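Dear colleague,

I am passing on the structure we spoke about, and below it you will find my notes on the charged side-chain pairs. Please read them with the structure open beside you.

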Amino acid sequence: MTDTKRLAFSIIQFLHDHLHSGDLSPDAQESLEVAVQCLETAFDVSTDDQSLAVSQTLPEIFASATPKPPTPPQVKIDTTPESPSDQQIAEAEQLKTDGNDQMKVENFAAAVEFYSKAIAINPQNAVYYCNRAAAYSKLGNYAGAVQDCELAIGIDPNYSKAYGRMGLALASLNKHTEAVSYYQKALELDPDNDTYKSNLKIAEQKMETPSPTAGMGGVDLAGLLNNPGFMNMASSLMNNPQVQQLMSGMMSGAYGPTGAPGAPGPGAAAAAAAAGAAPGDISGLIQAGQQFAQQMQQQNPELIEQLRSQIRSRTPSASNEEQP
């Protein structure tokens with residue numbers, strides 16, 4: 001009977017502690033008081049009788065008797081990129097060489113594909129990103145070139161060629177102030193590089209005294225002819241019936257010098273009439289040029305912006321660079 005009284009004493013003590021916790025509503029507190037009185041009467045015990053106390057409270061006894069849930073094993077995640085095998089390194093190097101060969105024959109789109117495959121195999125090689133940046137620049141994708149140069153610099157902060165090509169891409173985007181800082185860093189790493197010196201001087205001049213280039217002297221015609229976007233647009237425009245009429249009129253002499261003889265073609269006559277001038281007037285030629293420019297603007301506004309950029313600024317040199 002003594003063990004039973006001790007258990008009852010522990011239960012009553014537990015209820016007493018809850019009564020004085022202050023966390024109970026009035027109704028709950030009243031119910032517990034009634035329960036304590038009932039237990040004290042039923043088991044003939046009192047909280048004043050400390051001879052029935054045990055060394056542990058009821059919650060402590062319960063905690064020691066309840067099995068704890070097993071601790072889940074700690075799983076360590078290795079975030080270190082897996083190093084490529086010797087065979088993979090050799091394969092990536094061969095892809096890079098194939099990309100370099102495509103750059104030599106000015107097949108820049110194919111070069112991008114080879115460099116991208118090399119990056120997929122070994123993404124920790126800064127040279128692959130830098131070479132792809134050069135191919136992107138040749139294709140007019142200067143934003144892609146900037147991104148690849150940033151990745152190359154992140155892998156190898158002392159790679160001078162990545163800074164130099166970043167400067168080229170930024171200069172092509174007319175961000176001459178930023179280009180200057182990258183050319184300066186490239187020269188800091190490679191002080192004897194004449195290309196970096198020349199490009200730095202050009203960027204500094206553009207930063208200080210920006211001035212438009214008259215006529216077409218600032219346009220990189222060779223780069224345009226190697227630009228797939230420009231060639232596709234030109235082909236599409238030349239197949240346009242309206243453009244063909246304009247060109248036919250120009251070839252027939254309708255847009256010759258003022259007062260020059262020549263029978264206007266149908267497209268030429270329409271252009272001249274829209275301009276409010278006689279077919280032999282120079283304003284007809286201006287009208288034809290305006291219509292041609294509008295067609296180009298609608299076909300590829302990004303390329304038109306590149307043309308304007310080239311007219312506004314002289315392009316820095318990348319001719320002395322070779323792919324590593």
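**Salt bridges in the predicted model**

K96 and E93 both belong to helix α4, which covers residues 86-104, and they sit three residues apart, about one turn of the helix. Please keep in mind that this is a predicted model, and that every distance and accessibility below was computed from it.

The side chains of K96 and E93 come together in a salt bridge, with an N to O distance of 3.2 Å. As for how far each partner is covered, K96 has a relative accessibility of 11% and therefore counts as buried, the cut-off being under 20%. E93, at 29% relative accessibility, lies between the 20% and 50% limits and so counts as partly exposed.

How many salt bridges are there by this rule? The count comes to three, and the other pairs are described below.

**R132 and D148**

R132 also takes part in a salt bridge, with D148 as its partner, and the closest N and O atoms of this pair are 2.6 Å apart. This pair links distant parts of the chain, since R132 is in helix α6 (residues 126-138) while D148 is in helix α7 (residues 142-155), with their positions 16 residues apart in the numbering. Are these two residues buried or exposed? R132 counts as buried because its relative accessibility is 13%, and D148 is likewise buried, with a relative accessible area of 2%.

When residues up to four places away in sequence are left out, R132 touches V112, Y115, S116, I119 and D148, so that its salt-bridge partner D148 appears among these contacts as well.

**K185 and E188**

K185 forms a salt bridge with E188, and here the closest N and O atoms are 3.5 Å apart, which falls within the 4 Å that the rule allows. Both residues lie in helix α9 (residues 176-189), and because they are three residues apart, about one helical turn separates K185 from E188. With a relative accessible area of 26%, K185 is partly exposed, whereas E188, at 56%, is over the 50% limit and is therefore exposed.

To bring the pairs together, K96 with E93 lies in helix α4, R132 with D148 links helix α6 to helix α7, and K185 with E188 lies in helix α9.

With best wishes

How values were computed: Residues are numbered from 1 along each chain as its sequence is written. This is a predicted model: local features need pLDDT of at least 70, side-chain atom pairs count only at pLDDT 80 or more; totals for chains, interfaces and linings use all residues. Side-chain values use heavy atoms; hydrogens and water are left out. Helices (H or I, at least four residues) and strands (E, at least two) are DSSP runs, numbered from the N terminus. Buried means under 20% relative accessible area, exposed over 50%, partly exposed in between (1.4 Å probe, protein chains only). Contact means heavy atoms within 4.5 Å.
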